[in-house]
Amino acid sequence: MGWKNFLRFNFNYFSVGQLLKSLFSPWKGDISSYGRGFDAARYFNTFLGNMISRVLGALIRLVLIVLGLVFGLGVFLAGALVLIVWICLPAIVVAGLFYAIGVVV
Amino acid sequence: MNFEIKKTSIYRAIKWQRFFRFARPLKIIAWILFLLLVLWILFGYFVLDRDFNSFRHLGAWTALCFSLALLFGEAKSFFVKKLKNPSLKYPLKQALGNIEEFNWAGFLDFQAAKICLKAMNQANKHQGADIKDIFLFYLIKTRPLDVALVFQRGELNWRLLKANLKKEIGQVKNSAEADFAKIIIEAGKLALLGGRVKITAGDLLSAFAENSAVFESFLTQSDFRKDDIKNLVNWHYKAQERHERITCWWDYKNLMTRGSIGKDFASGYTITLDGFSFEWQDKISKNVFREIVGHIEEIKQVERILEKEQNKNVLLVGQPGTGRGSIIEAIAQRAFLGISAPSINYKRILQFDLSALVASAESKEQAEALLEKCFSEVIKAKNVILVINDFHNYVSENSQPGMINVAGIMARFLPLASFQIIAITTFEGFHTYVEKNSSFNNLFEKVDVAEISENETLVLMEQFVPFFEAKHKKYIGYRALKEILKTSSRYMAQTAFPEKALRLLDESMVYLKMYTKDKVLRPNHVRKVVSEKTKIPLETLEGTEKKVLINLENLLHERLIGQDEAVSEVANSLRRARAEVNLKSGPIGSFLFLGPTGVGKTETAKALAAIYFGSEQNMLRFDMSEFQAIEDIKRLIGTSQENGLLTTKIKERPFCLLLLDELEKAHPNILTLFLQVLDEGWLTDGLGRKVDFKNTIIIATSNAGAEFIRESVKRGGKINEMKEHIFNYVFQNHILKPEFVNRFDAVVLFKSLEKPELLQIAGLMLSRLAKNLLDKGVKFEVTKELKEKIVELSYSPEFGAREMKRVIQNKVENSLAKALLLGQLKRGKSVVVSPVDFSLTIR
């Protein structure tokens, strides 16, 4: 249960789902209007600005998504390790007892 | 009913407990030894510089201690998690649907099962005793933590109950097994209602409160109700659950308080807006486990509106103190945890401080520019829901200094999809300012916020108890909470629940800390605070009320002559109402006084106000002949422009006698208004607010049928016989409707006054005059002849004793006043008034 909570929290903390959905959205919604009428230079300028904003947004989001996935993997592995130790604990106890008694006696 | 503990999984835990109870201390000992050995090895290796191989033997001991610590730890964990809490094969709900099919002992938790097993073993020794008493006895004797806390919080004497039970167990009763089955099933139902998976010791206690005669009589003796036990049990389990969740740091909600990053990467900056707002989620993250009590429907409604495609702005309308803020808190909490509607989840709920914005601007134009900028930021951010409190202050056409009318600017933004707002206002504010601007009003969806119930308020107060106890280092008794509910409901009607109860709890704790040395908050402390706040002598009132009610006839007759039947009927009726013999939710008492003019109807009302409410000043008098048109309803209940004559006064002074003179002259629709007041004890005013009449005595007077009463009295008719004829007369002539008359607690007939009674009244009036003169040092001798002369001059069958006051004024008081001013009547003199020409003889 705790393992599941950590995994869920990790993906929520790094907002992986939301970031994937809005991967190519402009950074901080910063986008300019093309305005009325057609002016090629202005159009190109705006397009370039908006594109930079989108690429910048996508890059930062990708960094966070990767971080989220890496940490997620870490949480998964740590959880798996704890689970294995937990399952093996009786065996560890028995082995420890046998070893100790063997030496002491 | 199948109830075999030995065939349940929990029985294994009871059986093995004797072994497993050593697991914890042994685990601790093993860990301590392990640590000491490790330290010893480290000390030897580093400080004494010994060879590592020389520690082989010691290392084995260390490994042994470590292994044992793990072993005992696992054993404890196995016992607590597995043996003590075996999972149920079938849920309790299913068992309640088919009682005979299940072994009910399997639904008990560890403590409850242990107590039941002990009681069943003992039951064989006490043949013939009531099995319920034996079970309850062992429940009280064992007193697991949950039961002990119920007794402690309720300040109940468990020793007394134990002694009572011991006495009962000694008697032969031959109880049926069905009685015990009833308790287990009842406990099962209570567990299910409280959201528990298994039947606990607390549930058994609540079930005993319902079904055990000994426990019931103990509760009555302790001035406690069965429901109080249930409340306390639920309170304890809820607090326990909350505590467990808070300490369980790996719980998802707990982890969520760490917040998140990147959710606002696609949302625009709100730099200006941030300067004039605070984020609700900041508050939420500190306490995500706070349970929002009540307002479930309102919360759902708000979420539905915010989720809509169009017109998704909310207008929360409710009386201050009803918990409008807690609705916002609930929305913010759900958005924060991502469990609300998809378009609300993870949005920022910003409380916009418009007054700070106005204060920061140097001119109105600058304020408007700032406002426009803030709203534009909301549009650009796309993840903001704005909350504006006291919205009515900012949409008024005649803005006061320091205020601004935002309606114009806001109207442009409201239809936009990414602009969302929750505006909070009062009923008064809504009707006066918002509703009038219909095009603006149409941009909102209105949500009415009702007051939460007393039970919900109690649950809310229970949530705040740990906070107040920790703050003031004092303990809060359950009875004090009940007293807070009772007194705030009865004497603080102008404020709404839950605010009035929470404020009173806060104030009572401050009072307890500052002015007493007591360690526990009790009902008397609460009463003291309420008395000081409301100026109603609560302590004496509650104590003297019984005495007043018992002697009401005598007390009324100190001011009222004759009318024995009427006085006795009023007194009996009030006693019935206050002793709660008949269940009613209306005012304290309601009476219709019928009879000719000048026979003491108003005087009775005045006397009742003075006796019951402490002063004649506590009587509100309405001449109903002034309310003959249908438009007069507005004058009584108020509108957005004017205060209601009736509703405002009752809100200001809820503890009073309401006298409705000449009731039959009011417009029939006005009388219909009073139907609900007499029935339910409340009325909705012109602004939609509930006005409470439960602490009033309502007396309506009418002259209808006066002539008939006079004639009947002349013929020597009896009151009871007259009543029926009067009713026929009143109903046939459509003076009053039967459904209206029947709603009064009593219809009281006042007969015309006869000469001997008038003589007594004259005596009473003249003796009041004599008392006034005595204060000036003048003795006024009242003669029988004078009284007779006054009766002779003032008596008329139409006006009863009404003329008497005028005659005494004109004939006696005028002469006395002249003599006093001329200096003829001085201190130490005595005076007699001649009955012939009202001349004065001064001695």
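A residue counts as exposed here if 12 or fewer other C-beta atoms lie within 10 Å of its own. Keep that cut-off in mind for the first stop, and remember throughout that you're looking at a predicted model.

**Stop 1: a loop residue.** Select Asn287(B). You'll find it in the loop between helix 15 (280–284) and helix 16 (296–307) of chain B. Asn287(B) has 11 C-beta neighbours inside 10 Å, so it falls in the exposed class. Now add Ile735(B) to the selection: this residue is 448 residues away along the chain, and the two C-alpha atoms are 62 Å apart.

**Stop 2: the cores.** Next, pick Leu139(B), Leu205(B) and Leu657(B). These three touch the most other members of the largest nonpolar core, which has 157 residues. Helix 6 (residues 131–142) of chain B provides the largest share of that core, eight residues. Zoom in on Leu139(B) and look for its contacts: leaving out residues up to four places away in sequence, Leu139(B) touches Ile115(B), Val147(B), Ala201(B), Leu204(B) and Leu205(B). There's another core apart from this one, with 57 residues, including Ala335(B), Leu354(B), Ile385(B) and Val449(B).

**Stop 3: strand 3 and its partners.** Select residues 348–352 of chain B. Is this strand mostly covered or mostly open? Four of the five residues in strand 3 are buried, so call it mostly covered. On one pairing, strand 1 (residues 277–279) of chain B joins strand 3 in the antiparallel sense over three bridges, and Phe278(B) stands opposite Gln351(B). On another, strand 3 runs parallel to strand 4 (residues 384–388) of chain B, with five bridges between them. Ile349(B) has Ile385(B) as its bridge partner there.

**Stop 4: the five-stranded sheet.** Colour strands 10, 11, 14, 9 and 15 of chain B. They form an open sheet in the order 10-11-14-9-15, with parallel pairing. The edges are strand 10 (619–623) and strand 15 (746–749); each has a single partner strand, so one side of each has no neighbour in the sheet. On average, neighbouring strands in this sheet are turned by 20° against each other, ignoring direction. Inside the sheet, strand 11 (residues 657–661) and strand 14 (residues 697–702) of chain B pair over four bridges, with Leu658(B) opposite Ile698(B). Then show helix 30 (residues 601–613) of chain B: it lies across strand 9 (589–594), strand 10, strand 11 and strand 14, at about 170° to strand 11.

**Stop 5: two crossing helices.** Select helix 38 (residues 784–794) of chain B. Which of its residues are buried? They are Leu786(B), Lys787(B), Lys789(B), Ile790(B), Val791(B) and Ser794(B). Those buried residues pack against helix 37 (755–775), helix 39 (802–822) and strand 17 (830–833) of chain B. Show helix 37 as well: the axes of helix 37 and helix 38 come within 9 Å and cross at roughly 115°, which makes the two helices roughly perpendicular. The crossing is right-handed. To see the contact, highlight Lys755(B), Leu758(B), Leu759(B), Ala762(B), Gly763(B) and Leu766(B) in helix 37, which meet Lys787(B), Glu788(B), Ile790(B) and Val791(B) in helix 38.

**Last stop: the chain A–chain B interface.** Bring chain A into view. Here 29 residues of chain A are in contact with 28 residues of chain B. On the chain A side, helix 1 (2–13), helix 2 (16–21) and helix 3 (40–104) each supply at least two residues. Helix 3 of chain A gives the most, with 13 residues.

Notes. Residues are numbered from 1 along each chain as its sequence is written. Chains are lettered from A and ligands numbered from 1 in the order in which they are written. This is a predicted model: local features need pLDDT of at least 70, side-chain atom pairs count only at pLDDT 80 or more; totals for chains, interfaces and linings use all residues. A residue is buried if 20 or more other C-beta atoms lie within 10 Å of its own, exposed if 12 or fewer, and partly exposed in between; C-beta atoms are placed from the backbone. A nonpolar core is a set of buried Ala, Val, Leu, Ile, Met, Phe, Trp, Tyr and Cys residues joined through C-beta atoms within 7 Å. Two residues are in contact if their C-beta atoms, placed from the backbone, lie within 7 Å. Two strands pair if DSSP finds at least two bridges between them. Axes are lines fitted to C-alpha atoms, for helices over the stretch in contact, and angles run from 0 to 180 degrees between N-to-C directions. Angles under 35 degrees count as roughly parallel, over 145 as roughly antiparallel, 65 to 115 as roughly perpendicular and the rest as oblique. A crossing is left-handed if the near helix is turned anticlockwise from the far one by less than a right angle, and right-handed if clockwise.
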